[in-house]
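Reader: I am new to this structure and should be grateful for a close look at one part of it, the empty space that the protein atoms leave. Please set out what is found there and which residues line it.

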Amino acid sequence: MSAKEKNKNPAKTAVKEEKQIEAKLIPIYIMGKRYEVPEGLTIMKAMEYAGYILIRGCGCRGGTCGACGTVYRKPGDYKLQVALACQKTVEPDMYIAQIPFFPANRALYDFVGLTAAPEEVFKLYPELFRCVACNSCTKACPQGIEVMDAISALKQGNIAEAAQLSFDCIQCGLCTSRCFGELAQYHMFQLARRIYGARIVPRAEHLAEMVKAVNEGKYDRFLDELKQVKEDELKKLYQEREAEPMAAGEDWKPKDTRYL
Ligand code: SF4
Ligand code: SF4
Ligand code: FES
């Protein structure tokens, strides 16, 4: 067997790769202290590798909870970078600090009393008009949200636009940490999305019809039948149910329409 063929042996290749992975350590700085961590880890995993036990600044580990906001700077780079620690992989010589929480003004309100009037938002968050349109917030957003545009929409009284632009906000607070005007953008956006969902988007009539049918007892008999079924049979029924296809159109209906 030639040397080339020997290298095709998967077990040997795996061992070789494993050794390479073990050997490849890169230096990073966490809160100013130097550590050597395996290349390819996320910042979060690298911190854990370095000995940190994360009970704050760590949540979903999937880029959706906003708990792991992080800032870092590379040597020689004037620019402070932002990232989610659970998503960003480490790079050599990164100087890293986590910002799991950033103190920001959050208005108190009784949502029931709110309409969709822009003046209500202005009253709750008058600092909205301290925005100097510097766009630092947009540059700081790990979700790629046009933060300044959403703030501008709010200033113009366009709550729907602000809600839609900020739809992917995960409340990490990094925009707020960089704001010259001391705005708490993410709290404002949350209010906008609440108003949008409750007061602006038209009510879903089919949902109201379904709730009415449930309240009128249309499904009581079916539920009673299910309650009599043994656990194994119930699991089988669940596994064999007709699931809605991922790409189902608006008019999709199951073959068995008894429960509609
Ligand atoms: S808008 Fe602000 S709080 Fe929301 S994800 Fe972007 S940086 Fe984080
Ligand atoms: S960082 Fe603050 S002041 Fe600058 S554009 Fe964003 S909201 Fe306005
Ligand atoms: S841990 Fe939830 S976004 Fe990173």
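Author: A cavity, as the word is used here, is a set of grid points where a 1.4 Å probe fits but cannot get out, and its lining residues are those with an atom within 4 Å of a point. The model under discussion is predicted.

With that definition in place, the second largest cavity may be taken up. The residues nearest its centre are Cys 131, Cys 134, Cys 137, Cys 179 and Gln 185, out of 13 that form the lining. The volume of this second largest cavity is about 70 Å³. Sorted by class, its lining holds 10 nonpolar and 3 polar residues, with no charged residues.

The count of cavities of 30 Å³ or more comes to 2. The largest cavity encloses about 90 Å³. Its lining consists of 13 residues, and Cys 141, Ile 145, Cys 169, Cys 172 and Cys 175 are the closest to the centre. Here the lining comprises 10 nonpolar residues and 3 polar ones, and no charged residues take part.

The open spaces, or pockets, come next. For the second largest pocket the volume is about 170 Å³. Among the 14 residues of its lining, Pro 100, Phe 101, Phe 102, Gln 171 and Tyr 186 are the closest to the centre. Two domains contribute to the second largest pocket: domain 1 (23-98) and domain 2 (111-200) each provide at least three residues of the lining. By class, the lining of this pocket is made up of 8 nonpolar, 5 polar and 1 charged residues.

The largest pocket contains about 990 Å³ of space. It is lined by 24 residues, and those closest to its centre are Glu 242, Pro 254, Asp 256, Tyr 259 and Leu 260. Three helices each give at least two residues to this lining, namely H10 (205-215), H11 (220-228) and H12 (231-239). Of the contributions to the largest pocket, that of H11 is the greatest, at 4 residues. The classes in this lining are 14 nonpolar, 2 polar and 8 charged residues.

To draw the description together, charged residues are absent from the lining of the largest cavity and from that of the second largest cavity, whereas the lining of the second largest pocket includes 1 charged residue and that of the largest pocket includes 8.

Terms used: Residues are numbered from 1 along each chain as its sequence is written. Chains are lettered from A and ligands numbered from 1 in the order in which they are written. This is a predicted model: local features need pLDDT of at least 70, side-chain atom pairs count only at pLDDT 80 or more; totals for chains, interfaces and linings use all residues. Side-chain values use heavy atoms; hydrogens and water are left out. On a 1 Å grid over the protein atoms alone, a cavity is a set of points where a 1.4 Å probe fits but cannot get out, and a pocket is an open set with protein on both sides within 12 Å along at least five of seven lines; lining residues have an atom within 4 Å of a point. Grid points are joined across faces, edges and corners, and a volume is the space filled by probe spheres set on the points. Ala, Val, Leu, Ile, Met, Phe, Trp, Tyr, Cys and Pro count as nonpolar, Asp, Glu, Lys and Arg as charged, and the others, Gly among them, as polar. Domain bounds come from an automatic or database domain assignment.
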